[in-house]
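Colleague: I am new to this structure and would love a close look at one part of it. Could you walk me through it?

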Amino acid sequence: MTEPGLSIWARQIAPSPTLVVDAKAKALKASGKDVAVFGAGEPDFDTPEFIKEACAKALKDGQTKYIASAGLPALRSALAAEYKAKGFGDVKDTQVIVSPGGKFSCYLAIMSVISPGDEVIIPAPYWVSYPEMVKLAGGIPKFVFAGDDTGFRIQPDQLRQAITPKTRLVILNSPSNPTGAVYPRKELEALVKICTDAGIYILSDEIYEQLVYDGVTSCSPATFSPEAAKLTITAAGFSKTYAMTGWRLGTLVAPPKIAAAVADLQSQMTSNATSFAQFGALAALQQPEKAKAAVATMLAVFDRRRVHLWKGLNAIPGLRCFRSEGAFYLFPNISSFGLSSDEFAARLLDEELVALVQGSAFGADDYVRLSYATSDDVIDKGIERLGRFCARLAARQPAASRA
């Protein structure tokens with residue numbers, strides 16, 4: 001008897017490279033190795049105590065049953081009020097969906113507007129999951145690349161040239177994973193106007209919206225104009241801002257028709273995000289002073305680490321690193337060493353026990369990603385070991401290639 005094969009979806013999907021790196025690093029650490037890990041995009045802080053207490057109270061009070069698929073009504077109402085205050089207009093509670101994670105919010109958004117054969121424009125470097133989500137919906141990812149010479153921000157002409165009659169959606173991620181780049185408002189407005197003029201949906205992934213530095217502010221396409229609001233799906237969540245990655249709580253705000261479709265999709269896929277976890281998220285919104293203080297504490301530490309790691313990377317001959325303005329990543333250029341990012345990352349882990357993520361995972365093979373959501377000790381070890389590794393690579397290169 002011939003065994004049936006896997007579906008086309010299972011055959012074409014790739015595992016998350018960031019989680020693969022994290023798993024390998026953890027396995028090495030479990031075996032006793034002193035690994036300096038810069039892989040996973042996860043705050044190394046604990047969830048604020050007042051949020052955990054609200055969740056624990058919900059458990060004690062028996063909030064362990066099914067709830068509305070689209071989310072806890074009080075949480076949706078609080079989120080709608082937050083988005084109104086940000087300039088999203090008269091957002092109704094029904095336009096807000098609470099999902100099992102920001103990743104799932106992005107997937108629901110794509111599933112709600114993409115049919116087989118539709119094209120989705122994805123600026124590169126991109127978060128590893130965007131292309132796979134598009135493929136799972138039957139769509140076709142179309143990449144537009146912007147390197148460190150432009151601050152990892154695509155230009156209006158690039159976007160215009162990428163649009164075809166099949167283009168249905170453009171994904172924008174600011175602050176960015178993996179680069180930490182943040183689009184200034186004027187640049188983002190120019191890109192959004194191109195989309196609205198062409199009648200193309202926008203997925204604005206704003207999961208890192210509160211993690212910005214150097215006086216930079218992030219902004220939301222849905223606030224730019226009534227036309228933009230009608231075409232923009234905003235995905236975010238609690239994972240990065242409040243160190244709640246394991247809680248799996250994402251948010252989505254969309255025009256009424258799309259929000260209703262997303263709610264229906266979620267009702268068939270997951271029923272609802274964990275009920276008692278949503279009471280913890282609600283506490284973050286209902287106690288803004290405590291939430292603000294917790295974020296400020298975390299942000300100050302991230303900022304200090306960012307500058308320290310950035311200076312350390314740029315002090316290593318052969319590396320060139322853009323100064324990120326958001327999230328908790330740096331994305332140095334390694335092209336001078338003549339190695340693919342896969343080989344660079346693999347050898348660095350084997351030879352110096354430093355775990356980072358190869359740029360090929362993000363559609364940018366001349367780069368590697370380091371997360372500074374890790375300790376000062378790890379950052380110091382990483383800089384030292386990376387410098388030693390790069391020095392060996394440079395010493396082995398022919399003189400002509402180093403000139």
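Colleague: Is Ser275 buried or exposed, and why?

Modeller: Happy to help, and please keep in mind that this is a predicted model. Ser275 is buried, because its relative accessible area is 5%, which is under the 20% cut-off for that word. As for where Ser275 sits, this residue belongs to helix H11, which covers residues 275–286. Setting aside its neighbours within four places in sequence, Ser275 touches Gln63, Thr64, Lys65 and Ile67.

From there, let us turn to another pair of helices. Helix H13 (residues 341–352) packs against helix H14 (residues 376–396), with an angle of about 115 degrees and axes 10 Å apart. The crossing of H13 past H14 is right-handed. On the H13 side, the contact is made by Phe344, Arg347, Leu348, Glu351 and Glu352. H14 brings Arg385, Leu386, Arg388, Phe389, Cys390, Arg392, Leu393 and Arg396 to this contact. Sorted by character, the residues where H13 meets H14 are six nonpolar and seven charged, with no polar ones.

Finally, there is a sheet to look at. Three strands form an open sheet in the order E9-E12-E11, and their pairing is antiparallel. Strand E9 (329–330) and strand E11 (357–358) are the edge strands, each pairing on one side only. Between E9 and strand E12 (residues 368–371), the antiparallel pairing runs over two bridges. If you would like a spot to find on screen, look for Leu330, which stands opposite Leu370 in E12.

Definitions and conventions
Residues numbered from 1 in each chain as written. Predicted model: local features only at pLDDT ≥ 70, side-chain atom pairs only at ≥ 80, totals over all residues. Heavy atoms only, no water. Pairing = 2+ DSSP bridges. Helix = DSSP H or I, 4+ residues; strand = E, 2+ residues; numbered from the N terminus. Buried < 20%, exposed > 50% of the residue type's maximum accessible area, 1.4 Å probe, protein only. Contact = heavy atoms within 4.5 Å. Axes fitted to C-alpha atoms, helices over the stretch in contact; angles between N-to-C directions. Left-handed = near helix turned anticlockwise from the far one by under 90°. Nonpolar A, V, L, I, M, F, W, Y, C, P; charged D, E, K, R; others polar.
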